[in-house]
Amino acid sequence: MLISEIFYSVQGEGSLIGTPSVFVRTSGCNLRCGWCDTPYASWKPEGDEMSVAAILDVVNQHPTRFVVVTGGEPMIAKEMAALLSKLRENGKHITIETAGTIAPEGVACDLASISPKLAHSTPDEALAGKAWVEKHERLRLQPEVLRAWCSAYAFQLKFVVASEADVAEVRAVVDVIGVPVPPENILLMPEGIKPEVLRLRQAWLVEVCKQAGWRYSPRLHIDLFGNQRGT
């Protein structure tokens, strides 16, 4: 499969924040988020073809059992089920970071980190083209797929929020999934790749989380390393 990068760092987002983890980033995505912070794995996929065995060799070089499979959209990779099965055989804790547009179909997973894409993710037609805008809008929110993920695995719903207007949309997405979602499983994360932008948004976002009982997720890797690859 096409692998953009494999690196060892700490988890920067979500319920396992701060946990030393090996990140396996596949290249390729079925969406085109306008604010995407990994365009090298989505808008312009790049990387190296690697076998499942080769990926495991790199993963096993690091002293942690936590592996984060991310992208792009990792669930579109043809050998993903085989990779996840081998990671499970090797005793790894598997987090899958997905937009929730591809059904899981029983893959090995310990934490489904699902990031449903809100309306503000749709790219400008001038940048992405009409075909991609239409495809993104058609695919970005699929309640039945989200329901399948949330019904099968321990999960967190991680929303990228840019403005207070997005909060009502978060509630609507959670409601349409159709399964009970504990409030602490709903994570709000400020959109941005610069620490000063994140700081501007975090003050009101924390208040929203306090009022709703939701969880605030910082972007620790941005604070620690900036917006750099391999972190």
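In the predicted model, Glu191 makes contacts with Trp35, Val160, Val161, Ala162, Val197, Leu198 and Arg201, when neighbours within four places in sequence are left aside. Glu191 is located in the loop that joins β8 (186–190) to α7 (195–212). With a relative accessible area of 18%, Glu191 counts as buried, because the cut-off for burial is under 20%.

Helix α7, which follows this loop, comprises 18 residues and spans 25 Å between its first and last C-alpha, close to the 26 Å expected at 1.5 Å a residue. The helix is kinked by about 40°, and the kink is centred on Gln202. Leu198, one of the contacts of Glu191, is among the buried residues of α7, together with Leu205, Val208 and Cys209. The elements against which the buried residues of α7 pack are β7, α6 (166–177), β8, β9 (215–216) and α8. After α7 comes Gly213, which has a positive phi near 80°.

The largest pocket encloses about 810 Å³ of space. Its lining consists of 45 residues, of which Arg25, Asp37, Thr38, Gly71 and Arg219 are the closest to the centre. Two or more lining residues come from each of β1 (2–10), β2 (20–26), β5 (93–98), β7 (155–161), β8 and α8 (220–225). The largest contribution is that of β1, with three residues. By residue class, the lining is made up of 18 polar, 15 nonpolar and twelve charged residues.

Note on methods
Residues numbered from 1 in each chain as written. Predicted model: local features only at pLDDT ≥ 70, side-chain atom pairs only at ≥ 80, totals over all residues. Heavy atoms only, no water. Helix = DSSP H or I, 4+ residues; strand = E, 2+ residues; numbered from the N terminus. Buried < 20%, exposed > 50% of the residue type's maximum accessible area, 1.4 Å probe, protein only. Contact = heavy atoms within 4.5 Å. 1 Å grid on protein atoms, 1.4 Å probe; cavity = no way out; pocket = protein on both sides within 12 Å on 5 of 7 lines; lining within 4 Å. Points joined across faces, edges and corners; volume = space filled by probe spheres on them. Nonpolar A, V, L, I, M, F, W, Y, C, P; charged D, E, K, R; others polar. Expected span 1.5 Å × (residues − 1). Bend = angle between axes of the 7 residues up to and from the residue.
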